[in-house]
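Student: I would like to go through a protein model by question and answer. Please keep each answer to the reasoning and the result.

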Amino acid sequence: MRLSQYFLPTLREDPAEAEVISHKLMLRAGLIRKVASGIYTYLPLGLRALRKVENIVREEMDRIGAQEVLLPLVQPAELWQETGRWEKYGKELLRFKDRKEHDFCLGPTHEEVITDLVRGEVRSYRDLPLILYQIAPKFRDEIRPRFGVMRAREFIMKDAYSFDADEAGLFQTYQRVYEAYERIFSRCGLKFKAVLADTGAIGGSESHEFMVLAETGEDRLAICSACGYAANVELAEVKAVYSYPEETERPLEKVSTPGVRSVEEVSSFLGVSPSRLVKTLLYLADGEPVAVLVRGDYELNEIKLAKVLGAQGLKMADAETVKRLTGAPVGFAGPVGLSVKRILADFSVRGLKNFVTGANQADVHYINVNYGRDFPEPGFYDLRTAEEGDPCPRCGRPLSLTRGIEVGHVFKLGTQYSATMGATFSDREGKERPFVMGCYGIGISRTVAAAIEQNHDSAGIIFPEEIAPFKALLLTLGKEPALMEASEKIYQTLTQAGVETLWDDRDERPGVKFKDADLIGLPYQLIVGKKFLETGQVEVKRRASGERQVLAPSEVVSYLGGKGP
């Protein structure tokens, strides 16, 4: 493709709307353009990168026997009502009515649709296992789209669904897909880690996220370098041992703390360590108020709390609810005299004596609080978020925390959808059983963005070779007929040899061409300029390393791995 004819509108400056590097560079390099909040058009260069990722995904999914289908983006409410998710999914599900006043939604995921398809067509255990997948747009009406295509409302996704006769079959299928994902992300040139994860709105018994390691990642990961344990901090177990000195319980005492609310403010005002404070956090679990106690220097993990409570819906109590339950504004809640049916506490609170809490009164705290004496002993659970240096739950060595970008997620669904929707098959004995299911997603558009987050420098993108829109950029520096003739010959030779090449044949200054070359980040730059006129050789620059070589035109094809004549 000749750049003079290619639709590639690059930008010199970072757009003001862009927060993360991938968003900035995808806009500047002409890969995407914004249409609306969280909705983007993919320009030719960006679409080619998407297609490269898609091709790798297809090859590896086909390799394990998965079959590609295409499911509708528009889904009828009836299917979602069968599983109860029409009401439960939340506002991310964009609902609408057609002209006949029938309810529909734009699909954020396709468990209902695929289960409906299979229940109507697959009857026998002989047809199992079955893996179906698609690569198609999804829509989730994110409350706050951000980071470009990283958290967009409309995005491209590969979603696969497996159907097995039993749990043993699901285990084998899950492992095959898991290994396929490892090959996919390795081939995409990414540094990644598979971590234990929460199943979230999809549900199921077990899941793993595939995380591209990047400091700009939204997710925090707890990793043990000793034994290989890895989990999203949402799920990472905390098995810390808390040791507190023996203390005599001192008399409960109220102290005035005017205008002091936060842990930092209270600990500074009272001259105590944050570890001597116990936060009282009020939540509504399926509408019922609960109180949760966490040591002041730790962070509550809401996903762990929801699992302990078995709550379908969990949200922090608003200011009005806090006032009703405590009689005080936010920031002064405490367990002493608190009228809620259930009080839970993190393990870090067990054994702690003479601690500080809110007093359920504005501008007042209690000191020398002790459970069992001043309020009923709570139930103790692992409720806090893992931190750097916490012991690994498997081997006890210190955990390290890093950040990652989720690009893939695999789930063991079991019979959650099949049983609810009456999707059954006849087993060997002729008995009707629900399919045992799994589901497996890869964010195609997010993978491209994550690759850029992990592979860039101050000049622009550095595309991993397998997902680069083109392998090489041919730069003609000058208007001399000899340069154009040589470039034309090199371009034609590379194209015929199967080396995807973008030829910058524009009438632009060398500085402009070099800046654009580094910005779009193709793996190789082939420079035909003054040195070629002097030596008859082409300068080849690797974008990733900056390494340069000088080759005869006849050597360029073999150097780039093209097919011979």
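Tutor: The questions below go from the overall composition to the sheets, and then to single residues.

Student: What kind of model is this, and how many helices and strands are in the protein?
Tutor: The model is predicted. The C-alpha atoms fill a box of roughly 95 × 70 × 55 Å along the principal axes. As for secondary structure, the protein has 15 helices and 31 strands.

Student: Which share of the 565 residues is buried?
Tutor: The protein exposes about 25500 Å², and carbon and sulfur atoms supply 49% of that area. A residue is counted as buried when its relative accessible area is under 20%. Of the 565 residues, the buried share is 53%.

Student: Among contacts between residues at least 6 apart in sequence, what percentage joins residues at least 24 apart?
Tutor: A contact requires heavy atoms within 4.5 Å. Among the contacts between residues at least 6 apart in sequence, the part that joins residues at least 24 apart is 68%.

Student: Which strands are at the edges of the open sheet with the order β28-β27-β29-β30-β31?
Tutor: This open sheet has five strands and mixed pairing. An edge strand pairs on one side only, which applies here to β28 (501-504) and β31 (548-551). From one strand to the next, the twist averages 20 degrees. The edge strands are thus β28 and β31.

Student: In β31, which residue is the bridge partner of glutamate 539?
Tutor: Strand β30 covers residues 538-542 and pairs with β31 in the antiparallel sense over four bridges. The two strands form a hairpin with five residues between them, and glycine 546 in the turn has a positive phi of about 80 degrees. The partner of glutamate 539 in β31 is valine 550.

Student: At what angle does helix α13 run to β27?
Tutor: Helix α13 (residues 510-520) lies across β27 (472-476), β28, β29 (524-528) and β30. Angles are taken between N-to-C directions and run from 0 to 180 degrees. For α13 and β27 the angle is about 175 degrees.

Student: Is arginine 543 buried or exposed?
Tutor: Arginine 543 is in the loop between β30 and β31. Not counting residues up to four places away in sequence, arginine 543 touches ten residues' worth of surroundings that include Asp457, Ile461, Asp518, Leu522 and Gln525. Because its relative accessible area is 5%, arginine 543 is buried.

Student: How many Å separate the C-alpha atoms of arginine 543 and phenylalanine 332?
Tutor: Along the chain, arginine 543 and phenylalanine 332 are 211 residues apart. In space, their C-alpha atoms are separated by 57 Å.Student: In the open sheet β16-β14-β15-β17-β20, by how many degrees are neighbouring strands turned against each other on average?
Tutor: The sheet consists of five strands with mixed pairing. Its edge strands are β16 (314-316) and β20 (379-381), and each of them pairs on one side only. With direction ignored, neighbouring strands are turned against each other by an average of 35 degrees.

Student: Which residue of β16 is the bridge partner of leucine 284?
Tutor: Strand β14 (residues 278-285) and β16 run antiparallel and are joined by three bridges. Helix α8 (residues 302-309) lies across β14, β15 (288-295), β16, β17 (343-346) and β20, at about 130 degrees to β16. The partner of leucine 284 in β16 is lysine 315.

Student: Which residue does a cis peptide bond join to leucine 128?
Tutor: Omega of this bond is about 0 degrees. The residue joined to leucine 128 is in the loop between α5 (111-121) and β7 (130-139). It is proline 129.

Student: Is glutamate 101 buried or exposed?
Tutor: Glutamate 101 is in the loop between β5 (95-97) and β6 (103-106). Its phi is near 65 degrees, a positive value in a residue other than glycine. Since the relative accessibility is 53% and the cut-off is over 50%, glutamate 101 counts as exposed.

Student: What is the relative accessibility of aspartate 363?
Tutor: Aspartate 363 is in the loop between β18 (355-358) and β19 (364-369). Although aspartate 363 is not a glycine, its phi is positive, at about 65 degrees. Aspartate 363 counts as partly exposed, with a relative accessibility of 31%.

Student: Which residues form a nonpolar patch on the surface with valine 74?
Tutor: Valine 74 is in strand β4 (residues 74-76). With a relative accessible area of 37%, valine 74 is partly exposed. The patch has about 200 Å² of accessible area together, and the other residues in it are Leu73 and Phe96.

Definitions and conventions. Residues are numbered from 1 along each chain as its sequence is written. This is a predicted model: local features need pLDDT of at least 70, side-chain atom pairs count only at pLDDT 80 or more; totals for chains, interfaces and linings use all residues. Side-chain values use heavy atoms; hydrogens and water are left out. Patches are made of residues with over 30% relative accessible area and no salt bridge: like charges are joined within 9 Å, nonpolar side chains (Val, Leu, Ile, Met, Phe, Trp, Tyr) within 5 Å. Accessible areas come from the Shrake-Rupley method with a 1.4 Å probe; for residues, only the protein chains shown count as cover. A salt bridge is a side-chain nitrogen of Lys or Arg within 4 Å of a carboxyl oxygen of Asp or Glu. Buried means under 20% relative accessible area, exposed over 50%, partly exposed in between (1.4 Å probe, protein chains only). Two strands pair if DSSP finds at least two bridges between them.
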